[in-house]
Amino acid sequence: MTRLPDTVVGDAQTSTFGWETLRSLVDVGNRMAGQEGEKAGAAVVADAFERAGLREIEIDEFDIPGWWRGSSALELRGSHPRRHESQHDVLALPGSPSGTVSGPVVDVGDGTYEEFDAVGDDLEGAVALVSSDTPENTDRWLHRMEKYVNAADHGAVGFLFRNHIEGSLPPTGEVGYHNRPGPIPAIGVSKEVGERLVRYADEQAEFVVELDVDCRNEPAKSRNVEGVLGPADADREVLVTAHVDAHDIADGANDNGAGSALVAEIGRLLAQVESDLDSRVRFVTFGSEEVGLWGAYHFAESHDLDSVKCVLNIDGPANSRNVRVGTNGFESMGEAFETVGEELDVPIRSGDTISPHGDQWAFVQEGVPAVMATSTSEQSGRGWGHTHADTLDKLDPRDLRDVATIFASTASHLASDDVETPHKTRREIRDSIDAGYVTELKMGGRWPYDDDARSGAGEN
């Protein structure tokens, strides 16, 4: 491999730059897509890129469908009257429309397709209650958006998304995607509120619930931040990316302030060996990942993807030092991480399922080798992510340094002319996507292949 000099590795292990950048990002506060905090976060990244020694730094603005949170409430009526309106109990889900609806609660468990089929017509005119968990015997993670669409398709008038992680932490997360706003009001509720509703439903208690959501769905502006290193005349470039936006209820420390801080830190480390880079390396923090990957799509649609050698996308990377990489079926990318892991004597977990979750998808769907690099912990699912608890105190700067060492080494390795990362055709990608994800992409209005003029005879 094209090994980083020991001096650079040593720098990575003692650096405070990444942690200081992360701290600046979380101190912005609300970095919700299309809002002032996301703009401020982009400015923090641009400043970090400049201090890291990157060149050609720019902030690229683009249009998105914005969403602003108002108030939300959940009221139980009947044998167990109660009203929840504080944010530690209930949260509207981005992409939800405004509105007030009421009806009986139907518990759909984990929201698998089989469970939705089992409740059948019972959901007509009712409020669907669905867990954020995915059962262990399911071969893929079930996204809240497809659970939401399934609820609406079965006639539900409202959607309650209950967290499976305790701590009075209602989850948030996009439900509308590219079909904004969604068809029915949607609220996330804490595990504690959700378990109470499950118990009442199991007891067949006499009660109905009323969901009240106040929000705005309006056009907004989002921003990508870019900077480069390496030879200006290179034919190809490696992308090192993350998303700077976060949900408006917390710091977005691990998801994904840490990812953006790592992009800047990797840039700082590679700037020390810039003359040794064979390929250009472009560092990008995308806006609006959390509400539909808008920044990544904007970049992919406005750049020549034939010149992109590969993409190292970083998301949720700092809750431990244990790295996992989703290769999306690109064996060469998995081999690159394996090589680095062996050189640094660190374990790296990997999976090869093609996943449409994360900014790498905008490139994977076009056949560009792209991975999702993250860290793993013992917490189930997202853990603190998408809740009030995704805060800086959950992270450790030592983990950030270890992960920075691994990712910077991998980016340097990928930039070498000795490492090949073959592209695939759109047909190859399309035909390799798990049937469940095909269904999800079509439900969310993100299936990129049918009736697509770019899928010509040679690509289709």
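What follows is a walk through a predicted model, from the overall fold to cavities and single residues.

The chain folds into 13 helices and 15 strands. Its radius of gyration is 22 Å, close to the 23 Å that the globule rule gives for 460 residues, so the chain is as compact as a globular protein of that length. Along the principal axes, the C-alpha atoms fill a box of roughly 70 × 50 × 40 Å. Of the 460 residues, 61% are buried. Among contacts with a separation of 6 or more, 83% are between residues 24 or more positions apart.

Helix H2 is a place to begin with the interior. Seven of the 10 residues of H2 are buried, so this helix is largely enclosed by the rest of the structure. The buried residues are Phe17, Gly18, Trp19, Thr21, Leu22, Leu25 and Val26. They pack against helix H3 (36-52), H7 and H11. In an α-helix there are 3.6 residues a turn, so residues three or four places apart point the same way.

H2 also takes part in enclosing a cavity. The structure holds four cavities of 30 Å³ or more, and about 70 Å³ of space lies in the largest. The elements that give two or more residues to the lining of this largest cavity are helix H2 (17-26), helix H7 (253-271) and helix H11 (397-414). H11 gives the largest share, four residues. The lining consists of Ala12, Ser15, Thr16, Phe17, Gly18, Trp19, Leu262, Glu265, Pro397, Leu400, Arg401 and Ala404. By class, these residues divide into seven nonpolar, three polar and two charged. Phe17, Gly18 and Trp19 appear both in this lining and among the buried residues of H2.

The second largest cavity holds about 60 Å³ of space. Its lining is made up of Ala246, His247, Ile249, Ala250, Gly252, Asp255, Glu290, His386, Thr387 and Asp390. Three of these residues are nonpolar, four polar and three charged.

Two residues of that lining have backbone features to check in the model. Asp255 is one of the lining residues, and a cis peptide bond joins Asp255 to Asn256, with omega about 5 degrees. Asn256 belongs to helix H7. His386 also lines the second largest cavity. This histidine sits in the loop between strand E15 (370-375) and H11, and its phi is near 65 degrees, a positive value in a residue other than glycine. With a relative accessible area of 6%, His386 falls under the 20% limit and therefore counts as buried.

Thr172 leads from the same lining to another part of the chain. Leaving out residues up to four places away in sequence, Thr172 touches Arg69, Leu91, Ala92, Leu93, Pro94, Arg144, His247, Ile249 and His386. Among these contacts, His247, Ile249 and His386 also line the second largest cavity. Thr172 lies in the loop between strand E7 (158-162) and strand E8 (186-189), yet it is buried because its relative accessibility is 1%. Its side chain makes a polar contact of 3.4 Å with the side chain of Arg69.

Asn328 is another buried loop residue, at 1% relative accessibility. Its loop runs between strand E13 (323-326) and helix H9 (331-344). Phi of Asn328 is near 55 degrees, a positive value in a residue other than glycine.

Ser131 offers a view of a strand position. This serine lies in strand E6 (residues 127-131) and is buried, with a relative accessible area of 3%. A polar atom of the Ser131 side chain lies 3.0 Å from the backbone nitrogen of Asp133. Apart from neighbours within four places in sequence, Ser131 is in contact with Gly109, Asp110, Lys147, Phe161, Arg162 and His164.

Is every loop residue described here buried, or where is one exposed? Ala232 is the case to look at: its relative accessible area is 60%, so it counts as exposed. Ala232 lies in the loop between strand E9 (207-229) and strand E10 (237-243). Leaving aside neighbours within four places in sequence, Ala232 is in contact with Arg55 and Arg280. Ala232 and Val281 are 49 residues apart in sequence, and their C-alpha atoms are 9.8 Å apart in space.

Terms used:
Residues numbered from 1 in each chain as written. Predicted model: local features only at pLDDT ≥ 70, side-chain atom pairs only at ≥ 80, totals over all residues. Heavy atoms only, no water. Buried < 20%, exposed > 50% of the residue type's maximum accessible area, 1.4 Å probe, protein only. Polar contact = N/O pair within 3.5 Å; in protein donor to acceptor, adjacent residues only side chain to side chain. Contact = heavy atoms within 4.5 Å. 1 Å grid on protein atoms, 1.4 Å probe; cavity = no way out; pocket = protein on both sides within 12 Å on 5 of 7 lines; lining within 4 Å. Points joined across faces, edges and corners; volume = space filled by probe spheres on them. Nonpolar A, V, L, I, M, F, W, Y, C, P; charged D, E, K, R; others polar. Rg over C-alpha atoms; globule rule 2.2 N^0.38 Å.
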